[in-house]
Amino acid sequence: MNTAPLSPTGTAHRTWRPGMFWQVVIGSVLGLGLGVIDPALAMQTRWVTDIFLRLIVMAVGPLLFCIVTMGIVGAGSLRNVGRLGAKALLYFEGMTTFVLLGSVGVAMLLHPGRAIVFTPTDEDTRMVASYAHNASLLHDGGITGFIVSLVPHSPADAFAQANILQILFFAILFGCCLSLIGPAGTPLVHLLEALSTLFSRMMRVIISLAPLGVFGAMATTTARYGINAIMHLAAFVGLYYLVIIVFLTVVLGGCLRMAGVRPLRFARYFREELAITFTTTTSDAVLPSVMAKLERLGVSSQVVGIVVPAGYSFNLDALSIYLGLAVIFLAQATGTHLSFWQMAIMLTAALFTSKGAHGVPGIAIVVLAATLQAMPSIPLASLTMLLAVDWFIGIARAVGNLAGNCVAPVIIGAWEGKLDREKMARELG
């Protein structure tokens, strides 16, 4: 069976209205203004953002299932799927390991936590108790526990919990079996095409509410922390933003240049998606738009359909940078000496704890807690230092993860010989 997968936006050529970018900017400015002028009223707008994020979670699971399944079926043979998947995983893990080691090296060179003397209190311990509990549940059982956690108790359970890794596992198994049964699966292929169009349209309707969701997020955050909140722990926040900028311009920009793509034009092409992600600190909402734009740029639909959804769970470069910096920062702030062996254990744990931790604001604290528990020499209560600035850090983290997942299909498409460079040049030009 060789049925080409439907574009994630159905038959529509564009996902975004021309004014969406400016609507998001206006929503951000209005939210910021309300947070400064009337914090009490601003705090009451939180429900707008909560509804927007819940709508995204509601639709993204079924949409991912349809996209991944159709990507596998459209690849033509399981050998092609296996080769593409192997190259994607090799790229993901190679890039993750590289940025993780790089961020640790930067933190050890600049010592961002040396100027802070942190002594945990009972209140700090109580404050991080919920994060510690959630961390103990995250991939509980080490590597074997992580592997077991990939398999859902039932498909309905995976969708009900919005567990992206389990949905991906079920979609891959479903797509492989659907490809194996040949013509007998044609009715299911047509059904999945229709469902893909349906959920893509649903996501487009949800995205039309993005300016409201952005307004609520900016208003409540400004009211809660104040306009000067980003100055708190400014050294660490500034260092993280600097490393992310270097990652975007040097690492990802260099990868794009190697593929014959101009980085600035590529970034401008995805400016609307970056604006949504910047203000909501989650990239789930822009998944259909990113995939549609990558296909219009000349990346093969099979590459886009497999690499992008998988990258949302396995290619979290900015999160890996955060984990590397944060572990060393907390160790220095608490006066904890880490041996080479202890550092190696925690970094290895970070490679596993970060998987599947996408799209949920605040999840990085849970992932960091799970990483620290792998070698509990750093007091877990020290996480309170990062709680106050996690939202601001989350902005750069979400943008960096999205940028990595926009670049990865281009690199893997070029590696597979499934990148139309002439089409990309015309589209970016």
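The following legends describe close-up views of a predicted model.

**Figure 1. The chain as a whole contains 22 helices and zero strands.** The predicted chain has 429 residues, of which buried residues make up 56%. Its exposed area is about 18200 Å², and carbon and sulfur atoms supply 68% of that area. Of the contacts between residues at least 6 apart in sequence, 86% join residues at least 24 apart.

**Figure 2. W22, I26 and L30 make a nonpolar patch on the surface.** The area of this patch is about 360 Å². W22 belongs to helix 1, which spans residues 20-37. The relative accessibility of W22 is 56%, so this residue counts as exposed, the threshold for that class being over 50%.

**Figure 3. F65 and F159 form an edge-to-face aromatic pair, one of 10 aromatic pairs in the count.** The ring centres of F65 and F159 are 5.8 Å apart, and the planes meet at 80°. F65 is located in helix 3 (residues 46-74) and F159 in helix 8 (residues 155-160); the pair therefore ties together parts that are 94 residues apart in sequence. The two partners are covered to unlike extents: F65 is buried, with a relative accessible area of 10%, whereas F159 is partly exposed, with a relative accessible area of 30%.

**Figure 4. The rings of Y91 and F92 form an edge-to-face pair.** Their centres lie 6.2 Å apart. The planes of Y91 and F92 stand at 70°, and the pair is therefore classed as edge-to-face, a term that applies to angles over 60 degrees. Both Y91 and F92 are buried.

**Figure 5. F65, F159, F170 and F174 are linked into a cluster by ring pairs.** F174, a member of this cluster, lies in helix 9, which covers residues 164-180. With a relative accessible area of 25%, F174 is partly exposed. Apart from neighbours within four places in sequence, F174 is in contact with F65, T69, L188 and L192. The C-alpha atoms of F174 and V68 are separated by 9.4 Å, although these residues are 106 residues apart along the chain.

**Figure 6. The charged end of K293 sits over the ring of Y269.** The charged end of K293 is 5.3 Å from the centre of the Y269 ring.

**Figure 7. The charged end of R397 sits over the ring of Y322.** In this view, the charged end of R397 is 4.8 Å from the centre of the Y322 ring.

**Figure 8. H111 has a positive phi value in a residue other than glycine.** The phi angle of H111 is near 55°. H111 is found in the loop that connects helix 4 (78-110) with helix 5 (122-127). The relative accessible area of H111 is 33%, and the residue is partly exposed.

Conventions. Residues are numbered from 1 along each chain as its sequence is written. This is a predicted model: local features need pLDDT of at least 70, side-chain atom pairs count only at pLDDT 80 or more; totals for chains, interfaces and linings use all residues. Side-chain values use heavy atoms; hydrogens and water are left out. Patches are made of residues with over 30% relative accessible area and no salt bridge: like charges are joined within 9 Å, nonpolar side chains (Val, Leu, Ile, Met, Phe, Trp, Tyr) within 5 Å. Accessible areas come from the Shrake-Rupley method with a 1.4 Å probe; for residues, only the protein chains shown count as cover. A salt bridge is a side-chain nitrogen of Lys or Arg within 4 Å of a carboxyl oxygen of Asp or Glu. Helices (H or I, at least four residues) and strands (E, at least two) are DSSP runs, numbered from the N terminus. Buried means under 20% relative accessible area, exposed over 50%, partly exposed in between (1.4 Å probe, protein chains only). Rings of Phe, Tyr and Trp (its six-membered ring) pair if their centres lie within 6.5 Å; planes under 30 degrees apart count as stacked, over 60 as edge-to-face and the rest as tilted. A charge sits over a ring if NZ of Lys or CZ of Arg is within 6 Å of the ring centre and within 35 degrees of the ring normal. Contact means heavy atoms within 4.5 Å.
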